[in-house]
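User: I would like to learn how to read packing features from a set of coordinates. Can we work through one case step by step?

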Amino acid sequence: MSISKTVTILLTNQVSMFELSCALELFALPRREFDSWYTARVVSLTSDSFPSLCNTVFKCEQVSQLPHSDLLIIPSYSVQFSDSHQVIVEQVRKHSMGGGKTISFCSGAFLLAESGLLDGRVATTHWMYADLFQKRFPHIQFKPDIIYQYDGVVGCSAGSAAGIDLGIEVIRQDFGHKAANTVARRLVLPAHRSGGQSQYVEKPVSLRPSSISKALEWAVQNLSSDLSIEDIASKASMSRRSFDRNFKKNYKMTPGEWLTERKLETAKKLLETTELSIEQVAVRSGYDSPITLRQNFKKTLSTSPTNYRMSFGEKHSKYIPVKTAEVPSLFVVAD
């Protein structure tokens with residue numbers, strides 16, 4: 001198997017076993033069903049062993065500087081600032097300046113912020129640390145109600161399991177939807193979760209009957225340039241005003257934002273799995289013209305539909321299909 005991406009998983013001053021395990025499962029586990037994948041190292045700049053739960057100890061490789069890698073992952077980090085962190089901060093900056101990508105899970109966002117990697121970017125972290133993060137880094141645009149943020153270079157996620165969502169998005173951008181979906185199915189997870197983390201604060205929000213989700217399922221099956229939010233609201237037997245209010249309450253986005261995401265996701269899937277022309281892809285994805293499709297790809301993915309197909313289309317891919325139990329792609333969540 002040819003390796004095309006190198007990953008460094010950095011342990012700092014503490015070990016959060018769940019977040020570390022997520023990083024290992026996503027990026028260190030050999031996946032022989034793919035011709036190209038990741039190879040990973042777990043390292044620390046400060047110690048070769050870390051105490052963990054139930055009197056266990058986690059041992060890793062101690063290094064004086066971070067090895068060169070395509071991706072650096074910070075599973076966790078102390079939220080209390082210390083001067084002793086400076087060597088870690090400098091190494092993270094060096095990795096970034098060398099062109100490497102960097103992502104963090106949960107409290108790892110504090111290290112990204114201290115390193116300056118979140119300057120000019122959107123950030124998030126676990127809701128328990130939201131107030132502290134905003135107090136410490138008021139200059140950073142913080143969004144408390146998103147699961148993760150990733151711009152293709154730097155990313156951070158909310159607490160615990162949200163790191164899996166971020167990791168799957170990194171896999172999707174590196175190797176395409178098919179690889180991301182395969183990994184998600186192996187984890188018995190959807191390849192994309194809708195909604196923000198506010199649904200997990202203190203107690204879940206109240207969920208409505210399934211009229212909205214049924215309407216959204218219908219919308220996905222009937223994408224067209226003529227499909228409007230009014231059509232979807234009508235399908236849910238709701239007024240547009242009531243639909244907008246309840247949609248935003250439960251999904252933490254506007255119906256228009258949701259519809260834009262679905263069109264783009266549909267287009268990407270068609271480009272990856274079919275040989276339809278760009279014009280046909282545009283029509284089936286709900287765009288009024290190939291020009292609109294290209295504009296959306298350029299704005300969102302910084303590439304063209306043609307180049308996207310060259311990178312991730314099955315005709316050009318060396319991925320070996322794997323038969324696994326299907327987990328439906330999560331276009332909606334229960335409302």
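Analyst: Start with the term contact: two residues are in contact when heavy atoms lie within 4.5 Å. Keep in mind that this is a predicted model. Now apply the term. Leaving aside neighbours within four places in sequence, phenylalanine 27 is in contact with Val7, Tyr38, Ala40, Leu71, Ile73, Gly167, Val170 and Ile171.

User: Which residues have the most contacts inside the largest nonpolar core?

Analyst: A nonpolar core is built from buried residues such as Ala, Val, Leu, Ile and Phe, joined through side-chain atoms within 4.5 Å. Here the largest one has 31 residues, and Phe27, Ile73 and Ile171 have the most contacts inside it. Six elements are listed as giving two or more residues: strand 1 (2-11), helix 1 (17-28), strand 2 (36-44), strand 6 (71-74), helix 5 (162-175) and helix 6. Helix 5 supplies the largest share, 6 residues. Another core lies apart from it, with 27 residues, including Leu10, Ile74, Ala113 and Cys156.

User: What is the overall setting for these cores?

Analyst: The protein chain has 13 helices and 11 strands. Of its 335 residues, 48% are buried. Take contacts between residues at least 6 apart in sequence: 66% of them join residues at least 24 apart. The chain exposes about 16500 Å², and carbon and sulfur atoms supply 52% of that area.

User: How many residues of helix 6 are buried?

Analyst: Buried means under 20% relative accessible area. In helix 6, 7 of the 10 residues meet that test, and the helix is mostly covered. The buried ones are His177, Ala179, Ala180, Thr182, Val183, Ala184 and Arg185. As a general guide, an α-helix has 3.6 residues a turn, so residues three or four places apart point the same way. The buried residues of helix 6 pack against helix 1, strand 2, helix 5, helix 10 (255-273) and helix 13 (305-312).

User: Which side chain makes a polar contact with histidine 177?

Analyst: For a polar contact, look for a pair of N or O atoms within 3.5 Å. Histidine 177 has such a contact with tyrosine 308, side chain to side chain, at 3.0 Å. Histidine 177 sits in helix 6 (residues 177-186). Its relative accessibility is 9%, so histidine 177 counts as buried. Beyond its neighbours within four places in sequence, histidine 177 is in contact with Arg172, Glu265, Lys268, Glu272 and Tyr308.

User: How many aromatic pairs does the structure hold?

Analyst: It holds 13. To class a pair, check the angle between the ring planes: over 60 degrees counts as edge-to-face. Phenylalanine 110 and tyrosine 129 have planes at 85° and centres 6.2 Å apart, so they form an edge-to-face pair. Phenylalanine 110 lies in helix 3 (residues 109-114), while tyrosine 129 is in the loop between strand 8 (122-123) and helix 4 (130-136), so the pair ties together parts 19 residues apart in sequence.

User: Are these two rings buried or exposed?

Analyst: They fall into separate classes. Phenylalanine 110 is buried, at 0% relative accessibility. Tyrosine 129 is partly exposed, at 26%. Now take a tilted pair: phenylalanine 133 and phenylalanine 137 have centres 5.0 Å apart and planes at 55°. Both of these residues are buried. Ring pairs can also chain together, and here they link Phe27, Phe34, Trp37, Tyr38 and Phe175 into a cluster.

User: How many disulfides does the structure hold?

Analyst: A disulfide is a covalent bond between the sulfur atoms of two cysteines. This structure holds 0. Two cysteines show contrasting cover. Cysteine 54 is exposed at 73% relative accessibility, whereas cysteine 106 is buried at 8%.

User: Where does a positive phi turn up outside glycine?

Analyst: Check the loops. Cysteine 54 has a positive phi of about 55° and lies in the loop between strand 3 and strand 4. Serine 237 has phi near 60°. Its place is the loop between helix 8 (229-235) and helix 9 (240-251). At 69% relative accessibility, serine 237 is exposed.

User: What about leucine 53?

Analyst: Leucine 53 is in the loop between strand 3 (49-51) and strand 4 (57-59). Its relative accessibility is 63%, so leucine 53 counts as exposed. Leucine 53 and valine 15 are 38 residues apart in sequence, yet their C-alpha atoms are 9.3 Å apart in space.

Methods. Residues are numbered from 1 along each chain as its sequence is written. This is a predicted model: local features need pLDDT of at least 70, side-chain atom pairs count only at pLDDT 80 or more; totals for chains, interfaces and linings use all residues. Side-chain values use heavy atoms; hydrogens and water are left out. Helices (H or I, at least four residues) and strands (E, at least two) are DSSP runs, numbered from the N terminus. Buried means under 20% relative accessible area, exposed over 50%, partly exposed in between (1.4 Å probe, protein chains only). Accessible areas come from the Shrake-Rupley method with a 1.4 Å probe; for residues, only the protein chains shown count as cover. Rings of Phe, Tyr and Trp (its six-membered ring) pair if their centres lie within 6.5 Å; planes under 30 degrees apart count as stacked, over 60 as edge-to-face and the rest as tilted. A polar contact is a pair of N or O atoms within 3.5 Å; within protein, one must be able to donate a hydrogen and the other to accept it, and residues adjacent in sequence count only if both atoms are side-chain atoms. A disulfide is a pair of cysteine sulfur atoms within 2.5 Å.
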